[in-house]
Amino acid sequence: MLVKVYGSAVFGIEATTITVEVNIDKGIGYHLVGLPDNAVRESSYRISAALNNNNYKLPGKKIIINMAPADIRKEGASYDLTLAVGILAASAQIKSEAIHEYIIMGELSLDGSLQPIRGALPIAIKAREEGYKHLILPKENAKEAAIVDDLEVLGVENILEVINHFNDDKKIEPTIVDTRAEFYKNIDFPEFDFSDVKGQESIKRCMEIAAAGGHNIILIGPPGSGKTMLAKRLPSILPPMTLHEALETTKIHSVVGKIKKEGLLYQRPFRSPHHTISNVALVGGGQYPRPGEISLSHNGVLFLDELPEFKRDVLEVMRQPLEDREVTISRAKFTVTYPSSFMLVASMNPSPSGFFNDPNSPMTSSPQEMQRYLSKISGPLLDRIDIHIEVTPVPFAKLSEERKGESSVAIRKRVTASREIQSERFKDFENVHYNAQMNVKQIREFCKLSPESLSLLKTAMEKLNLSARAYDRILKVSRTIADLANSKDISPDHIAEAIQYRSLDRDGWLG
């Protein structure tokens with residue numbers, strides 16, 4: 001008897017439906033074809049033990065299973081349940097009339113219980129697109145998949161529940177999630193708040209501008225000046241994620257199996273990889289490509305602490321994603337693209353000892369050591385960072401103050417108001433939502449300068465010897481400063497403030 005059941009394979013952040021054809025005939029043997037990897041080949045042992053332990057059996061006949069399309073490599077143990085249901089249906093141990101309406105995925109344990117799988121959300125989206133009515137998958141993934149409307153998601157804990165469901169003995173209760181209600185109920189503020197930060201008013205202003213325009217920022221200062229503390233609080237002043245952003249971000253995290261029971265992600269991601277990270281771990285890739293840290297930071301913040309400690313080639317691979325806001329990984333047989341629209345927040349000491357420019361500490365690094373230290377970061381990468389700001393240590397008088405600083409909630413209101421102005425400005429442009437995403441043509445259109453502003457910028461460009469890319473960055477930042485001030489035009493004050501935030505471009509920054 002021949003039976004067809006349906007599973008799903010995830011490539012990049014999109015799913016592809018896999019047809020599993022199971023044919024049982026006279027003879028003996030178990031043949032699995034269709035480009036399965038070792039984990040899929042080993043499924044026969046898990047399926048056999050799971051069925052035996054639940055009083056069902058693998059038929060002692062010739063079983064041929066084809067996983068189509070045969071030119072796509074099938075990887076992982078998440079096809080166990082698909083194959084098991086196909087074998088049970090082909091051997092008439094379960095009813096198979098309605099089986100074509102289901103996508104079935106799950107990894108089996110030897111006792112028949114189910115382990116969670118990766119990519120439940122992309123699988124659910126594809127199932128709905130292709131008109132399947134039901135999705136069976138492990139209970140731990142059910143809430144995540146149930147985000148998708150117009151698809152009945154059935155979360156199961158054991159293969160016995162699936163068998164009883166198809167045999168009409170006991171139907172599985174669908175998992176229902178009101179996505180919008182859940183999303184708006186769970187929007188909350190992160191645990192870190194700007195009110196904890198003493199002093200540092202100019203740096204807070206910088207962070208506010210960066211958050212308002214989605215600009216990349218680098219903090220330069222000695223150890224203990226508060227760089228990491230400030231960076232961790234940046235997500236608390238970013239506008240809440242929209243439902244579309246939340247779904248997009250959840251999809252990426254789903255592919256790497258970072259979502260279990262919570263379903264939709266409500267908070268903007270904050271990723272802080274260690275400086276020993278490899279190229280592949282940062283950008284994504286591998287033999288079977290997976291998203292890297294920059295894609296996991298999509299719609300959120302990527303924090304690189306002690307930037308010069310990262311390997312130079314690791315930092316260089318970020319240059320293209322910072323410009324294009326996506327990562328494309330090419331292999332001989334396929335190409336996958338991951339979105340990576342993130343805010344880069346980097347921090348670094350100004351010298352190997354960390355105390356360059358600190359009046360209270362002796363200078364212990366020679367100019368040559370300083371040059372060598374700073375040359376680890378290339379000029380083109382620094383050009384892609386809109387805001388450079390020096391962070392100075394907080395004096396004791398400020399640290400011991402009882403008075404709390406301005407809260408994240410108050411700053412967030414201003415940032416959100418500024419983002420609303422930008423959303424209105426870019427409503428006719430696809431994939432442009434805030435100032436940092438403007439291309440050259442949009443900069444020319446929306447960042448027009450008065451003769452006074454133009455003269456000021458010309459003087460700064462000549463004196464600081466800035467590149468054309470730095471010129472564009474200054475215009476973008478000044479546009480954000482004007483938006484925060486609710487000003488239609490960019491005034492000389494806005495330009496002057498934006499020029500201040502290019503400290504690493506200044507000649508003589510090294511003394």
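Helices here are DSSP runs of H or I at least four residues long, numbered from the N terminus.

**Figure 1. Lys 139 in helix H5 of the predicted model.** The model shown here and in every view below is predicted. Lys 139 is found in helix H5, which covers residues 139-145. Is Lys 139 buried, partly exposed or exposed? At 49% relative accessibility, Lys 139 counts as partly exposed, because the exposed class requires over 50%. Leaving aside residues up to four places away in sequence, Lys 139 touches Gly 155, Val 156 and Glu 157. For one of these partners, Val 156, the C-alpha atom lies 4.8 Å from that of Lys 139, with their positions 17 residues apart in sequence.

**Figure 2. The whole chain, for orientation.** Before moving to further close-ups, it helps to have the overall picture. The secondary structure of the chain comes to 22 helices and 18 strands. Along the principal axes, the C-alpha atoms fill a box of roughly 85 × 50 × 45 Å. Of the 511 residues in the chain, 53% are buried. Among contacts with a separation of 6 or more, residues 24 or more positions apart account for 73%.

**Figure 3. Tyr 102 and Phe 166, an edge-to-face pair.** The structure holds 6 aromatic pairs, and this view shows one of them, Tyr 102 with Phe 166. How are these two rings arranged? Their centres are 4.9 Å apart and their planes meet at 65 degrees, so the pair is edge-to-face, given that planes over 60 degrees apart fall in that class. The pair links distant parts of the chain: Tyr 102 belongs to strand S5 (residues 102-104) and Phe 166 to helix H6 (residues 159-166), 64 residues apart. Both Tyr 102 and Phe 166 are buried.

**Figure 4. The phenylalanine cluster around Phe 426.** Ring pairs link Phe 426, Phe 429 and Phe 446 into a cluster. In the pair of Phe 426 and Phe 446, the ring centres lie 5.5 Å apart and the planes stand at 90 degrees, so this pair, too, is edge-to-face. What parts of the chain does the pair tie together? Phe 426 sits in the loop between helix H18 (408-425) and helix H19 (440-446), while Phe 446 is in helix H19, so the pair joins parts that are 20 residues apart in sequence. Phe 426 counts as buried because its relative accessibility is 2%. Phe 446 counts as buried at 18%, a value still under the 20% cut-off.

**Figure 5. Two arginines over aromatic faces.** Which arginine lies over the face of Phe 426? Arg 425 does, at 5.7 Å from the ring centre. The other arginine in this view, Arg 419, lies over the face of Tyr 434, at 4.5 Å from the ring centre.

**Figure 6. The largest pocket.** About 1,200 Å³ of space lies in this pocket. Its lining has 44 residues, and those nearest the centre are Ser 341, Asn 431, His 433, Tyr 434 and Gln 437. Tyr 434 may look familiar, as its ring face is the one under Arg 419. Helix H10 (243-255), helix H14 (319-324), H18, H19 and helix H21 (468-484) are the elements that give two or more residues to the lining. By class, the lining residues divide into 13 nonpolar, 16 polar and 15 charged.

**Figure 7. The second largest pocket.** Here the space comes to about 730 Å³. Of the 32 lining residues, Val 10, Phe 11, Arg 73, Glu 75 and Tyr 288 lie nearest the centre. The elements giving two or more residues to the lining are strand S1 (2-11) and strand S16 (335-339). Which element gives the largest share? That share, 4 residues, comes from S1. The lining has 17 nonpolar, 7 polar and 8 charged residues.

**Figure 8. The second largest cavity.** How many cavities of 30 Å³ or more does the count give? The count comes to 2, and the second largest, shown here, has a volume of about 30 Å³. Its lining is made by Ile 13, Glu 14, Ala 15, Pro 122, Ile 125, Lys 126, Glu 129 and Lys 251. Strand S2 (14-25) and helix H4 (120-129) are the elements that give two or more residues to this lining. H4 gives the most, with 4 residues. The lining residues divide into 4 nonpolar, no polar and 4 charged.

Definitions and conventions:
Residues numbered from 1 in each chain as written. Predicted model: local features only at pLDDT ≥ 70, side-chain atom pairs only at ≥ 80, totals over all residues. Heavy atoms only, no water. Phe/Tyr/Trp six-rings, centres within 6.5 Å; stacked < 30°, edge-to-face > 60°. Buried < 20%, exposed > 50% of the residue type's maximum accessible area, 1.4 Å probe, protein only. Lys NZ or Arg CZ within 6 Å of the ring centre and 35° of its normal. 1 Å grid on protein atoms, 1.4 Å probe; cavity = no way out; pocket = protein on both sides within 12 Å on 5 of 7 lines; lining within 4 Å. Points joined across faces, edges and corners; volume = space filled by probe spheres on them. Nonpolar A, V, L, I, M, F, W, Y, C, P; charged D, E, K, R; others polar. Contact = heavy atoms within 4.5 Å.
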